[in-house]
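Here are some exercises to work through with the model open beside you. Try each task before you read its solution.

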Amino acid sequence: MESAGEAVVFPLLKEWVDYTYRPCTIPYRFPSDPPHQPTPTEMLWIQLFRRSIPSFSKRAEMDDSVPDAAAKARVFASRFGKMLDDLEANPESHGGPPDCILLCRLREVCLRETGFRDIFKSVKDDENAKAFVLFEEVVKAADAIADDGGRLEHLVKCLLAGNVFDLGSAELAEMYKSDGMSFVKSVEKLLPRPWVIDDLDKFKLMWLRRSWKKAVIFVDNAGADIILGIIPLARELLRRGTQVVLAANELPSINDITYAELLQIMSKLKGEDGKIQGVDASGLMVINTGNDLPVIDLSSVSQELAFAAADADLVILEGMGRAIETNLYAQFRCDSLKVGMVKHQEVAEFLGGRLYDCVVRFTEVIA
């Protein structure tokens with residue numbers, strides 16, 4: 001479904017007197033902080049985004065869909081760097097004070113104003129192609145696990161392993177450039193449990209006890225993340241009788257999968273019988289969130305998503321940007337699962353965990 005009309009509030013957000021939704025997990029500043037002086041946390045995150053400029057510029061230079069890409073990439077780097085300089089001098093500039101949503105927004109604005117629409121398109125296509133080759137093998141490995149709980153744990157680990165592919169992290173961008181990404185190695189290299197937030201056993205108990213009517217899954221990256229992580233889990237939900245809504249970005253951002261790209265992926269993975277490796281996929285829907293960032297503010301989503309999600313009883317947010325950096329503490333009127341890998345040292349320190357630690361936060365809502 002295409003996005004149309006005014007953005008609306010995601011209908012499953014909790015509405016109580018004692019709760020106000022804020023799409024920012026890490027507090028960048030407090031009311032007592034001087035308004036025209038950046039806080040240490042703001043400075044930390046401004047520098048994190050500054051470190052991303054070389055990898056983004058390099059990708060922009062390689063975008064053969066844009067005339068004079070190299071020159072425009074230099075303009076992007078200069079313009080975004082100047083914005084970060086301005087925020088260091090005055091955090092209230094450019095719509096500040098800054099948080100992760102504003103910093104992502106400014107970077108996207110600089111890219112689009114200099115003529116770049118999707119600088120990671122080629123790498124997304126490459127990673128999707130690699131993941132398609134492995135899809136049947138990954139699904140068969142999951143199906144071979146007879147125990148329902150063991151199979152779920154395996155699928156969650158595949159989800160976390162797939163989430164490694166994130167070119168919004170400067171460190172991972174360098175790793176990808178030098179070594180590529182191996183899904184099998186990523187599964188094997190997951191940090192041992194317990195993870196920094198580890199509700200996997202809690203989620204497993206609920207999984208064994210009940211089936212949900214409808215699940216809304218906010219998806220993250222292209223490649224292994226969506227094809228070998230999200231879709232096998234969605235397939236398992238479908239097999240259990242749960243309707244599934246896959247909610248994807250409207251516009252490109254970093255290596256996130258878009259709504260249009262996800263439609264193409266699903267058409268390739270479904271057989272002529274409408275099944276995904278033998279599982280009926282008639283209960284699966286792909287929806288446009290109306291979002292254009294690697295993070296998400298759930299107070300502003302597409303009307304189509306709001307309509308499709310209204311009767312859901314499970315919300316899954318996946319990825320560092322959506323599940324950890326903006327919505328880790330979001331409260332919903334239904335059960336929720338936030339799952340992702342910690343790929344910034346700053347986030348790891350805030351959570352009290354390790355770099356590349358995992359987050360699996362499950363919240364049950366008692367009716």
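**Exercise 1. Find how helix α1 and helix α4 pack, and name their relative direction.**

Step 1: Locate α1 at residues 40-51 and α4 at residues 100-113; helices here are DSSP runs of H or I with at least four residues, strands are E runs of at least two, and both are numbered from the N terminus.
Step 2: The two axes lie 11 Å apart and make an angle of about 30°, where axes are lines fitted to C-alpha atoms, for helices over the stretch in contact, and angles run from 0 to 180 degrees between N-to-C directions.
Step 3: That angle makes α1 roughly parallel to α4, a label for angles under 35 degrees.
Step 4: The α1 and α4 crossing is right-handed, that is, the near helix is turned clockwise from the far one by less than a right angle.

Two notes before you go on. This is a predicted model, in which local features need pLDDT of at least 70 and side-chain atom pairs count only at pLDDT 80 or more, while totals for chains, interfaces and linings use all residues. Residues are numbered from 1 along each chain as its sequence is written, and side-chain values use heavy atoms, leaving out hydrogens and water.

**Exercise 2. Do the same for helix α5 and helix α11.**

Step 1: Take residues 121-143 for α5 and 259-269 for α11.
Step 2: Their axes come within 12 Å and cross at roughly 20°, so α5 and α11 are roughly parallel to each other.
Step 3: The crossing of α5 and α11 is right-handed.

**Exercise 3. Describe the lining of the second largest cavity.**

Step 1: The structure has three cavities of 30 Å³ or more; a cavity is a set of points on a 1 Å grid over the protein atoms alone where a 1.4 Å probe fits but cannot get out.
Step 2: The second largest has a volume of about 70 Å³, the space filled by probe spheres set on the points.
Step 3: Its lining residues, which have an atom within 4 Å of a point, include F56, E108, R117, D118 and S253.

**Exercise 4. Find the unusual backbone geometry in the loop between α3 and α4.**

Step 1: In this loop, which follows α3 (69-89), look for P97; the G96 to P97 peptide bond is cis, with omega near 15°.
Step 2: H94 lies in the loop too, and has a positive phi of about 55° although it is not a glycine.

Technical notes: On a 1 Å grid over the protein atoms alone, a cavity is a set of points where a 1.4 Å probe fits but cannot get out, and a pocket is an open set with protein on both sides within 12 Å along at least five of seven lines; lining residues have an atom within 4 Å of a point. Angles under 35 degrees count as roughly parallel, over 145 as roughly antiparallel, 65 to 115 as roughly perpendicular and the rest as oblique.
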